[in-house]
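This report concerns a single chain and the ligands placed with it. Please look over the sequence and the structure before reading on.

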Amino acid sequence: MTDAMPAATPPQPSGSAEPSEPSGSAEPSGPPEPSEPAGLSEPSGPSEPAGLSGSAEDGDAEHTLEPAPEADDEGSVTLRVWRGDQTGGELVDYTLPAQSGEVVLDVVHRIQATVAPDLACRWNCKAGKCGSCSSEINGKPRLMCMTRVDELPEGPITVTPMRTFPIVRDLVTDVSFNYEVASRVPAFAPAPPGPEGYRMQQVDVARGQEFRKCIECFLCQNVCHVIRDHEENKQHYAGPRFFARYAELEMHPLDTNDRRELLRQREGLGLCNITKCCTEVCPEHIKITDNAIIPLKERVVDSSYDPVAWLGRKILRRRKRSPGEAAAARG
Ligand code: SF4
Ligand code: SF4
Ligand code: FES
């Protein structure tokens, strides 16, 4: 695994999702969306991987390996990988003998092992569980370790880094934005347990369990146009992964924190216009929009704008209880 360095302009792969304009968002400040990753039109010089004897044609380097004697007779596979750093880069073709049953990460590893040992990519589990190997494959946000080569269309497979986050090097991006957002989420705050301990209905357990499947791959953050196309929105927007986290906590029957005002004022819940792109790319199939964002929006609207609900709360003095109040109510 190769890892972190400072921020850069992310590449802009072709064929990436083009969600619609967020309601209320500001003018885009990022570069226009070209048909190739940003910085590709003016490569910062050839980034010839170490140990290669290949040639560069039409701006893209190309490297070919003779089939290994033990290789399957399955033809070849070409990975078109973005190589570069925060100063710029280019797509480089690597053609290797094909091997059956491989995922894209396998081919990246073979490239590292044979022709480009300096190719940077982040991975850990190769089982779709650590969330490290996120990238854009043929322009679609996906996990490299869960994308089978034989399920992709014929021809070169383009592999580029996630566009929403600053480039570190090659396929590695700086995802620290997400950890900054995570640090702002008010923690679970249960009241002290009653005489029988904590008790929950199974339906409440199951509701939170869906959100806990998240592997923090940040593919949903990457595809969300509110920050993908508007860098400046990162200052006041949490993003779908964290709306799922907020939903998990807000819906927890034992929790006593009220995060609705924070979601409205600080975390930009209103900027999401429910395009569902986040849900479409989630490798854990979490229904982020239907099960997290929409219920959160309803709760925020109820608390801030519904006059009947407001009057009801005034009359009944109903609000989320503090931990002390919740404990006292349990006796
Ligand atoms: S639905 Fe998901 S991808 Fe679309 S704007 Fe909302 S958070 Fe972003
Ligand atoms: S919600 Fe899904 S897409 Fe988003 S970070 Fe978690 S696992 Fe990845
Ligand atoms: S390597 Fe862990 S999710 Fe791909």
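The text below covers the chain as a whole, then the ligand surroundings, then one set of paired strands.

**The chain**

The model is predicted. The chain holds eleven helices and nine strands. It has 331 residues, of which 37% count as buried. Among the contacts with a separation of 6 or more, 72% are between residues 24 or more positions apart.

**The ligand surroundings**

Ligand 1 is surrounded by 15 residues, and C224, P240, C272, T275 and C278 come nearest. Two or more residues of this shell come from each of helix 8 (277-281) and helix 9 (288-304). By class, the shell around ligand 1 consists of eleven nonpolar, three polar and one charged residues.

Ligand 2 has 15 residues around it, with C214, C217, C220, R241 and C282 the closest. Here helix 4 (219-223) and helix 6 (240-250) are the elements that give two or more residues to the shell. Twelve residues of the shell around ligand 2 are nonpolar and three are charged, while no polar residue is present.

The table sets out the class make-up of each shell.

| Shell | Nonpolar | Polar | Charged |
|---|---|---|---|
| Ligand 1 | eleven residues | three residues | one residue |
| Ligand 2 | twelve residues | no residues | three residues |

**Strand 5 and its partners**

Which strands does strand 5 join through bridges? Strand 5 (residues 134-137) is joined to strand 6 (residues 140-143) by four bridges, and these two strands run antiparallel. Two bridges join strand 5 to strand 7 (residues 157-160), and this pair also runs antiparallel.

E136 takes part on both sides. In strand 6 the bridge partner of E136 is P141, and in strand 7 E136 stands opposite T160.

Strand 5 and strand 6 form a hairpin with two residues between the strands. In this hairpin N138 takes a positive phi near 50 degrees.

How are the side chains of strand 5 arranged, and are they buried or exposed? In a regular strand the side chains alternate between the two faces of the sheet. S134 and E136 point one way from strand 5, whereas S135 and I137 point the other way. All of these residues are buried. E136 is thus a buried residue with P141 as its bridge partner in strand 6 and T160 opposite it in strand 7.

Methods. Residues numbered from 1 in each chain as written. Chains lettered and ligands numbered in written order. Predicted model: local features only at pLDDT ≥ 70, side-chain atom pairs only at ≥ 80, totals over all residues. Buried ≥ 20, exposed ≤ 12 C-beta atoms within 10 Å, placed from the backbone. Contact = placed C-beta atoms within 7 Å. Near = placed C-beta within 6 Å. Nonpolar A, V, L, I, M, F, W, Y, C, P; charged D, E, K, R; others polar. Pairing = 2+ DSSP bridges.
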